[in-house]
Amino acid sequence: MLFKDAIDEFTNWRTFKINGTTTRGNDKDLRLFSVFLRNPHIEDITLNDVMEYLNLMKEMGWAHNSFVSKCMAYKKFFEFCNLRGWRVLNENLIPIPQKEYKIPRVATKDEYKKLLDIIPKNTDPRNVRNEAIIRLLWDTGARNGEILNLDMEDLDLVNNKALIKTEKAKTRRPLREIFWTKETSEAINKWIERRERFKRGNVLRDPNALFISIHNSGANKTRGYRFKPSGVCEMLRGYSNKAGLEKNMNAHSMRHYMGRNIIEKGGSNSDVTNILGHSCIESSMIYTMMYGKQAEKRYRKFRGA
């Protein structure tokens, strides 16, 4: 079987088990590998082919941590092929590199305020939508994808909360509530009003989606579809540059702020786990670790020095 055809079968099977973002990422990694190998028969792919491709990407400057997801995609693909009884590479031979951990980027209140201040207060519905998204990310500490997966019926704007499907918690914590401030509810209501006005003259491809794309970008026709995480990343990067921030704000930097803030106000790792939707307390540790001046301040408080 040709590599491309096997990828099609793998992706169709994987879609019923894993969330869409992961499936699309795995599919892309496999197709790029297929292009490198010129779409061979899967029975002809060797471990040497895999290592040659990985080493080439490393030479070209791919980030170390990006190889973790790529190698997992290859491993899962060949595991699937072997389960189908096809004579292919043993998936256990594919190396999975250790992830490198770095000091997390933590957003600040000052950066958040600058970001809000830079959003034009005009009638452009994109700015109204973007402010609602930014406020939700800041107030809830939710993941980018979790916010964009919100549907209209998920919202409780009277009590400023919603029930969401936890993106990466697998089966332990499939659902959780997120909460936000009155100001954020006001921003959401403003966006819903603009969304309804847009709806009158346009087709909503994802009619239940709270946040939708409202313009077409080049050949990628996204108008009326659910707004994508890549769109939020681009939006935050643009606003960060206009606000003159030293480092770009992103959804995870706001999530890190939430985790850190909970601990600073006397919360526990269990509180972080419950609010941020982790499947275990260990996952919360990276969000609550302190560095630099914050670590020094805590040290001196406990030592009295």
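**Figure 1. Surface setting of Leu56 in the predicted model.** Leu56 is partly exposed, at 35% relative accessible area (buried means under 20%, exposed over 50%, and partly exposed in between, with a 1.4 Å probe and protein chains only). The residue belongs to helix H3, residues 47-59 (helices are DSSP runs of H or I with at least four residues, strands are runs of E with at least two, and both are numbered from the N terminus). Together with Met60 and Trp62, Leu56 makes a nonpolar surface patch of about 310 Å². Patches consist of residues with over 30% relative accessible area and no salt bridge, with nonpolar side chains (Val, Leu, Ile, Met, Phe, Trp, Tyr) joined within 5 Å and like charges within 9 Å. Accessible areas come from the Shrake-Rupley method with a 1.4 Å probe, and for residues only the protein chains shown count as cover. This is a predicted model, in which local features need pLDDT of at least 70 and side-chain atom pairs count only at pLDDT 80 or more, while totals for chains, interfaces and linings use all residues. Residues are numbered from 1 along each chain as its sequence is written, and side-chain values use heavy atoms, with hydrogens and water left out.

**Figure 2. The open antiparallel sheet E1-E2-E3.** Three strands form this open sheet in the order E1-E2-E3, with antiparallel pairing (two strands pair if DSSP finds at least two bridges between them). Strand E1 (155-156) and strand E3 (175-179) are the edge strands, each pairing on one side only. Two bridges join E1 to strand E2, residues 161-165, whereas five bridges join E2 to E3. Between E1 and E2, Leu155 stands opposite Ala162, and Asp156 has Lys161 as its bridge partner. The hairpin of E1 and E2 has four residues between the strands, and Asn160 in this hairpin takes a positive phi near 55°.

**Figure 3. Partners and faces of strands E2 and E3.** On the E3 side, the bridge partner of Lys161 is Phe179, and Leu163 stands opposite Glu177. In a regular strand the side chains alternate between the two faces of the sheet. In E2, Ala162 and Ile164 make up the covered face, while Lys161, Leu163 and Lys165 make up the uncovered one. In E3, the covered face holds Arg176 and Ile178, and the uncovered face holds Leu175, Glu177 and Phe179.

**Figure 4. The second largest pocket and its lining.** About 490 Å³ of space lies in this pocket. Of the 21 residues in its lining, Arg129, His215, Phe227, Gly231 and Glu234 are the closest to the centre. Helix H6 (125-140) and helix H9 (229-243) are the elements that give two or more residues to the lining. The largest share, seven residues, comes from H9. On a 1 Å grid over the protein atoms alone, a pocket is an open set of points where a 1.4 Å probe fits, with protein on both sides within 12 Å along at least five of seven lines, and lining residues have an atom within 4 Å of a point. Grid points are joined across faces, edges and corners, and a volume is the space filled by probe spheres set on the points.

**Figure 5. The salt bridge between Arg84 and Glu9.** A salt bridge is a side-chain nitrogen of Lys or Arg within 4 Å of a carboxyl oxygen of Asp or Glu, and by this rule the count comes to 16. The side chains of Arg84 and Glu9 meet in one such bridge, at 2.6 Å from N to O. Arg84 lies in the loop between helix H4 (66-83) and helix H5 (109-118) and Glu9 in helix H1 (residues 3-14), so the pair ties together parts that are 75 residues apart in sequence. Arg84 is partly exposed at 43% relative accessibility, and Glu9 is likewise partly exposed at 28%.

**Figure 6. Further salt bridges and a shared network.** Glu146 forms a salt bridge with Arg143, with the closest N and O atoms 2.5 Å apart. Glu146 is buried at 2% relative accessibility, and Arg143 is buried at 8%. Arg195 forms a salt bridge with Glu196, the closest N and O atoms being 3.5 Å apart. Here Arg195 is buried at 1%, whereas Glu196 is partly exposed at 31%. Lys4, Asp8, Asp27 and Arg31 are joined into one network by salt bridges that share partners.
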